[in-house]
Amino acid sequence: MPALRTLLLSSLALGAIVFWCCGLGGEERAELVIGNGPDPMSLDPAQCQSVADGRLMAALFSGLVTLDPTGGPPQQGMARQWTVSEHGKRWSFNLRPELRWSDGTALIAPDLVWSYLRFLQPSTGARMADLLDCVVGAADHRRGLAPASAVGITASSAHEIVFQLREIHPCFLTLLAQFPLFPVPRHVIERHGSAWTRTENFVSNGSMRLVSRRLRDSIRLEPNPHWLSKTPNGLQSLEFRCVDNPATLLNLYVAGEVDIAMDVPMAAMPTLLASPHAAPGSELRRHTRLGTYFLRLNVRHPSFENAAVRSALALAVDRVALTTRLLRGGEAPAWNFTPPGIHCGTLLHQAPPPQHATLAAAQKLLQTGLASQGLRELPPFELLHTTDPLDAAVSEWLQQRWQEIGVTCRAVALDARTLRTRMAAGDYAAARSTWMADYDDASNFLECFESTSAANRTGWISPAYDALLREARTLVGDDAARSAKLREAETLLLSAGPIVPLFHHASRTLVKPWVRGFTPNPLEWVNPAALWVQR
Amino acid sequence: MQHLPAVLLFVVLPCVLLWLARNAARRTQRRAALLRRAAWLPLTVLCVHGLSFLLIHAVPGGPFDDERPLPAETRAGLEARFGLDRPMLVQWAAGVSGMARGDFGPSLAHRDYSVSEVVITALPPSLLLGALALAWTLLLGIPAGVWAACRRGKAADHAVNAAIALLLALPTFVLAGLLMIPLVFQWRLLPAAGLHEPAAVLLPSLCLGLPLAAQVARLVRSGMLEALRGEWVRTLRAAGLPERRVAAGALRLAMVSVVAFLGQAAAAVLTGSLVIEQLFAIPGLGAHFVESALNRDFTLALGVVILYTALAYVLNWTADLLLPVVDPRAEVS
């Protein structure tokens, strides 16, 4: 059978070449390997959005200021010092004179201005292009209504950049530390265009520089020789493993192939919590994240026109049971939309309602709401959720819980894009949602439900709510007064019931004992320049 | 060096297949039938492209629908950048024209790569995984089937049948978990995931190949049992031919159904497996295939579908070509 023999030999030869092409065994293990989550959409910081992308960007780039992992105020980044005018609308940043890109080119203020203007241009595709809307002329320039010269970002000298704000922003410094605003190299982009993110062209200004990138596999970095200071204790190589599946990430961690696993599957938590890994100060690090998992109720849907009905559904949910019996991953039960510990949000949290009375109270409230609509029972409705196992479990749990007060809902699993499209079109009754903080301030959550916000998606419009948030914006600098105003706004939001907060997200990270300098924080941010290995 | 996978994919592989086809065609004297079949490939690809284009654009949601809504101007800018603001017919025509040139455009979800680059990067791991899975399939499936057929009704036969039933019933992720516990975590023989060392490919390929090996074993066993019932076997035995030679003859007949099955199996494993790729963090095509659809990465989804179509077509064609080699009675229609 010569043909079979030929086929076999050809296959073997081809297999051998493919084996070689896959680059197996080509690289040594990096000194520190971080199991980071999905592959970034791009290495252009403007186009990144996820928390996992942010960790990589923080290694490659540095902003004007950097976040403090311990939760303190932002620290020096590219700027060595800054001043703010008396009225709080003019910020002036003095850059370090020794700033260099990773190719050795000097980094000066005009480059930064160019980078911020590029961020605003629609063709860049910056997902959070509205982050700088507080700057004079930025929103108009973004919309094509004003020239670049009208934007209030200017370089007053080679080492000074000035921001002119339209209104005082509560967290302007924190905003500048966000990874989408990290500077990009003008000289490289002008030479290579969109190909600047290719490994061979890539230039950054952070503590590490790019060495290699394997799509959906790994991104390898080494210290940037032009960085301001050497990385502590000489971390010679750092690898981000791009792993979508948390179960695989856990396998890699247990097998010792990654040193930090940034996510742990929910199903493994009971086992991990019962193991020595969970002891205080040991490998499992848990802390609350600035993020809330909640339901949106469409107030334009016939089932949810009445606020009492919406409130009854919210009241019937036993969040403590949800977090302790179903989730068990350290999530905090949520009675508020703003998470605990967030800046200007700490006063908002109320004591949990007594569990024994909730079902009866919910039933009574539901009947009152239905009676005012002339109904005897709530028509069955659909609860939309994604195909994620967590969503499915929570939706089933809610179905059962609401059944106890005589409410029937059908959980419908959709892929995430279809779900978002239906929510944006108002084509739903109830749907799961989640909001993760862009920055540490309660307004970042509450502004989602302003009448004009595209993130609202519930059809709920309240001029009173909008007015409260507007007033809060005028109180920047007076945290007590601002918190009170935000508290009033949140109370209004929760009593109107377009949302049902369920739980605040928790971070579950596994860190090997030899990794030093890892500081967990509510934004799940990692400062790679502070990491080192001591085996 | 970086173009080597592309050269392999688009030059070496088609050359090997064409050479095999030519030989087989010459031998079977059915070149005309083969050429006729080859001519259908472009039309098939065009139809699949059109249908996939319609389906993917009919699904609700777009590539820029995120939890945090994009500013309207940014969305418009992105749509203009990726040509999604043009009429559908123009987009389709541009897609067909690009396909003819081998250019599927930029990926919408992997913005630093073109679709061709994504495919070229992801295909070698999938090919490697698939080729080894096929090797496991043949290496384990054929001997198991022969062994069971030659010991019909005995303990060995029952054991093979039980193993076949078990392997076909177990979902791949369960099988992978069962194999990982001893091989990865207890004895530390193999890495848990990734393709960072040669040994890393053994376990995922085994998990992918074992269910197929079970199917091959079943096909070989039943094919051999049927062949061994033939009158020619009695003649051979009466002529004093050793049992080994008789079994070899029966195996050749049993291989007809195996070769027919291998065409589909090769197309299935060579184009990747989502479950295995996700479990073992292998950057192959299977995950791109599913994720491009979920992410509404229109260009990548179309590119991968077209590649799958062409591969399935060529591999099935190759299986049909090999059939007359194994069984001269078979004809290429």
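Student: Is A:Pro339 buried or exposed in this predicted model?
Tutor: Let's count its neighbours. A:Pro339 has 27 C-beta neighbours inside 10 Å, and a residue needs 20 or more to pass the cut-off. So A:Pro339 counts as buried.

Student: Which residues is A:Pro339 in contact with, leaving aside its neighbours within four places in sequence?
Tutor: First, find its place: A:Pro339 is in the loop between β13 (332-333) and α11 (355-372) of chain A. From that loop, and setting aside neighbours within four places in sequence, A:Pro339 is in contact with A:Thr288, A:Leu290, A:Gly291, A:Thr292 and A:His504.

Student: What separates the C-alpha atoms of A:Pro339 and A:His505?
Tutor: Along the chain, these two are 166 residues apart. In space, their C-alpha atoms are separated by 8.6 Å.

Student: How is chain A divided, and how many residues of domain 2 are in contact with domain 1?
Tutor: Domain 1 of chain A takes in 34-207 + 223-228 + 514-533, while domain 2 is 287-508. Their C-alpha centres lie 33 Å apart. On the domain 1 side, 14 residues make contact, and by class they are 9 nonpolar, 3 polar and 2 charged. On the domain 2 side, the number in contact is 17.

Student: Over to chain B: at what angle do helix α5 and helix α12 pack?
Tutor: Helix α5 covers residues 115-150 and helix α12 covers residues 285-294, with their axes 8 Å apart. The word for this arrangement is oblique, and the angle is about 130°.

Student: Which residues in α12(B) does α5(B) meet?
Tutor: From α5(B) come B:Val118, B:Ala122, B:Leu123 and B:Ser126. By class, the contact has 4 nonpolar, 3 polar and no charged residues. The partners in α12(B) are B:Leu285, B:Gly286 and B:His288.

Student: Why does B:Val325 count as buried?
Tutor: B:Val325 is in helix α13 (residues 298-326) of chain B. Its C-alpha atom is 9.5 Å from that of B:Val256, 69 residues apart along the chain. The cut-off for buried is 20 or more other C-beta atoms within 10 Å. B:Val325 is buried because its count is 20.

Student: What should helix α4 of chain B span?
Tutor: Helix α4 (residues 88-100) has 13 residues, at 1.5 Å a residue. The expected span uses one less than the number of residues. Its end C-alpha atoms are 18 Å apart, which agrees with the expected 18 Å.

Student: And which residue just after α4(B) takes a positive phi?
Tutor: Look just past the end of the helix, where phi is about 80°. The residue there is B:Gly102.

How values were computed. Residues are numbered from 1 along each chain as its sequence is written. Chains are lettered from A and ligands numbered from 1 in the order in which they are written. This is a predicted model: local features need pLDDT of at least 70, side-chain atom pairs count only at pLDDT 80 or more; totals for chains, interfaces and linings use all residues. Axes are lines fitted to C-alpha atoms, for helices over the stretch in contact, and angles run from 0 to 180 degrees between N-to-C directions. Helices (H or I, at least four residues) and strands (E, at least two) are DSSP runs, numbered from the N terminus. Angles under 35 degrees count as roughly parallel, over 145 as roughly antiparallel, 65 to 115 as roughly perpendicular and the rest as oblique. Two residues are in contact if their C-beta atoms, placed from the backbone, lie within 7 Å. Ala, Val, Leu, Ile, Met, Phe, Trp, Tyr, Cys and Pro count as nonpolar, Asp, Glu, Lys and Arg as charged, and the others, Gly among them, as polar. A residue is buried if 20 or more other C-beta atoms lie within 10 Å of its own, exposed if 12 or fewer, and partly exposed in between; C-beta atoms are placed from the backbone. Domain bounds come from an automatic or database domain assignment.
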